[in-house]
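Reader: I'd like to get better at reading a model feature by feature. Could we walk through one together?
Author: Sure, here it is.
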Amino acid sequence: MAELVFFSGTMDCGKSTLALQLDHNHSARGRTGLKFSRNDRAGTDRLSSRLGLEVAAHEVRDDTDFWSFVVDARRHGETVDYLICDEAQFYSTTQVEQLARLVDEVEIDVFAFGITADFRSHLFPGSARLIELADRVEVLQVQALCWCGARATHNARTVDGWMVVEGAQVVVGDTDSASEVAYEVLCRRHHMRRMTSASARLRSANGDGLALDLSEGPAPR
């Protein structure tokens with residue numbers, strides 16, 4: 001029986017690497033799949049991993065209709081056994097519902113990969129709908145680490161190294177980006193304190209240690 005499976009975790013936990021590995025494993029057994037992504041770090045129509053792996057993929061746009069896409073492909077004689085859907089947090093709730101329909105009515109496996117929450121710790125609409133509809137939600141076991149060494153559970157948006165909590169939900173960046181807007185994974189403690197690796201280094205250099213600046217929010221009890 002086909003399944004809709006949502007593989008979730010923070011940035012840096014290997015979601016795209018697993019997506020590529022899963023595609024390889026299924027294709028090696030003679031199954032044929034389609035790969036999708038949206039706002040990939042490597043650009044349009046790509047699915048890439050931080051480890052350097054990169055393949056062609058169909059770019060998901062606002063008007064992408066997964067149901068019509070697969071039905072048209074099959075009508076033209078293509079075999080479609082499964083879908084690999086990376087960066088699924090950026091999909092609309094309607095698109096997630098189309099994926100669920102493909103599982104239920106066409107018996108196609110759908111493997112979706114994405115971040116659960118944004119830089120403000122709010123659920124992405126696509127991720128929320130996947131959690132509601134998926135047959136299984138798998139939290140990736142590869143643990144991303146905060147700069148302090150603890151398990152990273154939150155995604156932070158940074159501007160010149162400093163954490164921000166306002167702005168559009170979707171702004172494309174990367175954890176190793178040298179651009180002004182980037183992202184960093186943090187443990188809950190340091191996400192709530194808005195303490196990034198850059199601000200921690202600055203405090204240490206100034207002789208402040210890691211003492212909490214009350215302007216960054218309430219201290220944990």
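Reader: Let's start with a single side chain: is E132 buried, partly exposed or exposed?
Author: The general idea is to look at relative accessible area, where anything over 50% counts as exposed. This is a predicted model, by the way. Here E132 reaches 56% relative accessibility, so E132 is exposed.

Reader: Which residue forms a salt bridge with E132?
Author: For a salt bridge, you look for a Lys or Arg side-chain nitrogen within 4 Å of an Asp or Glu carboxyl oxygen. In this case the partner is R129, with the closest N and O atoms 2.8 Å apart. The two sit three residues apart in helix α4, so about one helical turn separates them. R129 is partly exposed, at 23% relative accessible area.

Reader: Where do R75 and D72 lie?
Author: Both are in helix α2 (residues 66–75), three residues apart, or about one turn of the helix. They form a salt bridge too, and their closest N and O atoms are 2.8 Å apart. R75 is exposed at 59% relative accessible area, while D72 is partly exposed at 35%.

Reader: How many salt bridges does the structure hold?
Author: Eleven. Another one joins R46 and E54, with 2.9 Å between the closest N and O atoms. R46 has a relative accessible area of 24% and E54 has 42%, so both fall in the partly exposed class. Salt bridges can also link up into a network, as happens with E3, R136 and E138.

Reader: Now strands. Which strands does β1 pair with, β7 for one?
Author: With strands, you count the bridges and check the direction. β1 (residues 4–8) runs parallel to β7, joined by five bridges, and F6 faces A112 there. β1 also pairs in the parallel sense with β8 (residues 136–139), over four bridges. On that side, F7 is opposite E138, which is also part of the network with E3 and R136.

Reader: How many residues of β1 are buried?
Author: Five of its five, so the strand is mostly covered, taking under 20% relative accessible area as buried. The side chains alternate: L4, F6 and S8 point one way, V5 and F7 the other way, and all are buried.

Reader: Why is β2 described as largely enclosed?
Author: Because four of the five residues in β2 (residues 33–37) are buried. Its neighbours are worth tracing as well. Four bridges tie β2 to β6 (residues 82–85) in a parallel arrangement, with G33 opposite Y82. Two bridges link it in parallel to β5 (residues 58–59), where F36 has H58 as its bridge partner.

Reader: How much space lies in the largest pocket?
Author: With a pocket, take the volume and then the lining. The volume here is about 460 Å³. Of the 30 lining residues, M11, R41, R50, E87 and I115 are the closest to the centre. Two elements, α1 (15–28) and β9 (154–159), give two or more residues to the lining. The largest share, three residues, comes from α1.

Reader: Last one: which residues form a nonpolar patch on the surface?
Author: Look for nonpolar side chains that sit together with accessible area to show. L123, I131 and V137 do this, with about 240 Å² together. L123 is in the loop between β7 (109–114) and α4 (125–133), and at 46% relative accessibility it counts as partly exposed.

Methods: Residues are numbered from 1 along each chain as its sequence is written. This is a predicted model: local features need pLDDT of at least 70, side-chain atom pairs count only at pLDDT 80 or more; totals for chains, interfaces and linings use all residues. Side-chain values use heavy atoms; hydrogens and water are left out. Patches are made of residues with over 30% relative accessible area and no salt bridge: like charges are joined within 9 Å, nonpolar side chains (Val, Leu, Ile, Met, Phe, Trp, Tyr) within 5 Å. Accessible areas come from the Shrake-Rupley method with a 1.4 Å probe; for residues, only the protein chains shown count as cover. Buried means under 20% relative accessible area, exposed over 50%, partly exposed in between (1.4 Å probe, protein chains only). Two strands pair if DSSP finds at least two bridges between them. On a 1 Å grid over the protein atoms alone, a cavity is a set of points where a 1.4 Å probe fits but cannot get out, and a pocket is an open set with protein on both sides within 12 Å along at least five of seven lines; lining residues have an atom within 4 Å of a point. Grid points are joined across faces, edges and corners, and a volume is the space filled by probe spheres set on the points.
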